[in-house]
Amino acid sequence: MTGQELTKLRDSMLFKPVTMNTILGEFVPNPNAFMLTEAFLPFKEVSSDMTIDLINNGAFGRTSPINLGADHQKVSIPGFSYKQHTPGRWRESVVFGEDELARAVNPATPLERYGEAMAAAALNFLDTRLNNLIEYTTAKLLINGTYSEARYGVNYTYDPKIPAKYYRNITSSPGFTTGGTWATLASSTPYNDIMELANIARKYGLNPVKVWGSVKTLGLYVNSADTQTRIKASFQLIGQNPNRETIFGTLAGLPFQLDSRLYAEESRLTTANAISDTVINLTDATDFAVGDVITMRNSVGGEEEVTIASKNGNAVTVSALTLAYLVGDRATVYKTFMPDNYIILQCESNDRVAPNNWLSTPSLVKGQSWSKPAPGRYTWTTFKETVPYSLEIGGGIDGGPKISRANYLVWRIVA
């Protein structure tokens, strides 16, 4: 492989931003890839990298009546405040080494076809990870009220200052009489809890329209002794073989949105491991938890599952390894976007406030200009034309979730 051959590959239209962005735009997201984002924080491109919300305080009310000839009501504008934050920046790349490049410039291989396969594979990989990022940050912000990143030298936090009353724990802040944690099936009263939570939402000017939760959370509702009694009393209404969402919707009067989608959290080894080792060191073990079953994959195609026994920072104690691993080998664990033991009460509001969105802010990479940054997903390529040769294909986005006013309530239903 010569520099001239690599230059020919570099100059191919396949690796121009306009072509790569077209390829990126042709990918169809997995079904329901953005369930939470579309429901709570619809994606939106904006022209500013600083988000400022003008928040009105107080009720908006309605126009007052008058008698003909009489003076009309003078209405004062409610108090207001500003919320301001700078969104995050997200970027990563796939690097093809000399082996892949040698095949791409092989005279027996059609250059364009092999180059297209390289570009499509890399962009598909990066696009899927970017989809996961968008939905992950949405889920984290909805459930926790804040979102933060503290890895790879980044220390970024977005805190929209959502009032604590929108986040409740059944063991400490229900605000009404409850049967307690839903994990105690004999005494829990999930039907009454949902009804009372809906009443609280209405006091905040929110109209409940849907309940979100996982399979486990739905199971706790349906398997409660109180729910089972209601099912028996409503047998003709519910039917003989309904699914659990039907039971919930029939009893609670609200549809249940089941969300048990999975994504893979991945980290890589920072030290090599031999067979029988029980401690692995990861680049980032933040989202790995005790009890997780993780999949280990080495560089020669070996794969095994081990269980996390304990954690100390990024040092993770697992069951004894049966394979050997090198620095950079992968450890993955599947997580759900919607965690167990929580419900989100999705609501509507008539208040005219700034909308909640996942905002895509302008990027210099997307605009390909220092003077004309643009929002949206972007791509780039970098060819290293000195030894060792390499081709880097990257993708990213600037932006993040933004909440002006919470139009939902989050409830932890298990301690």
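This report walks through the overall make-up of a protein, one of its sheets and one pair of its helices.

**The big picture**

Keep in mind that the model you're looking at is predicted. The protein has 415 residues, and 42% of them count as buried. What sits on the outside adds up to about 21,500 Å², with carbon and sulfur atoms supplying 52% of that exposed area. Count up the regular pieces and you get 11 helices and 20 strands. Now take the contacts with a separation of 6 or more: 74% of them link residues 24 or more positions apart.

**A six-stranded sheet**

Strands of a sheet pair through backbone hydrogen bonds, either parallel or antiparallel. Here, six strands line up as β10-β15-β12-β13-β14-β11, making an open sheet with antiparallel pairing. At the edges you'll find β10 and β11, each pairing on one side only. Ignoring direction, neighbouring strands in this sheet are turned by 40 degrees against each other on average.

Some strands of this sheet, with their residues:

| Strand | Residues |
|---|---|
| β10 | residues 262-268 |
| β11 | residues 279-281 |
| β13 | residues 303-312 |
| β14 | residues 315-318 |

Zoom in on β13 and β14: four bridges join them in the antiparallel sense. Lys311 stands opposite Val316 in β14.

**Two helices that meet**

Two packed helices are described by the angle between their axes and the distance between the axes. For α7 (residues 215-223) and α8 (residues 225-233), the axes come within 5 Å and cross at roughly 65 degrees. Which residues in α7 meet α8? They are Tyr221, Val222 and Asn223, and their partners in α8 are Ala225, Thr227, Gln228 and Ile231. Sorted by class, this contact has four nonpolar residues, three polar ones and no charged ones.

Conventions: Residues numbered from 1 in each chain as written. Predicted model: local features only at pLDDT ≥ 70, side-chain atom pairs only at ≥ 80, totals over all residues. Heavy atoms only, no water. Axes fitted to C-alpha atoms, helices over the stretch in contact; angles between N-to-C directions. Helix = DSSP H or I, 4+ residues; strand = E, 2+ residues; numbered from the N terminus. Contact = heavy atoms within 4.5 Å. Nonpolar A, V, L, I, M, F, W, Y, C, P; charged D, E, K, R; others polar. Buried < 20%, exposed > 50% of the residue type's maximum accessible area, 1.4 Å probe, protein only. Areas by Shrake-Rupley, 256 points an atom, 1.4 Å probe, with all protein chains shown as cover. Pairing = 2+ DSSP bridges.
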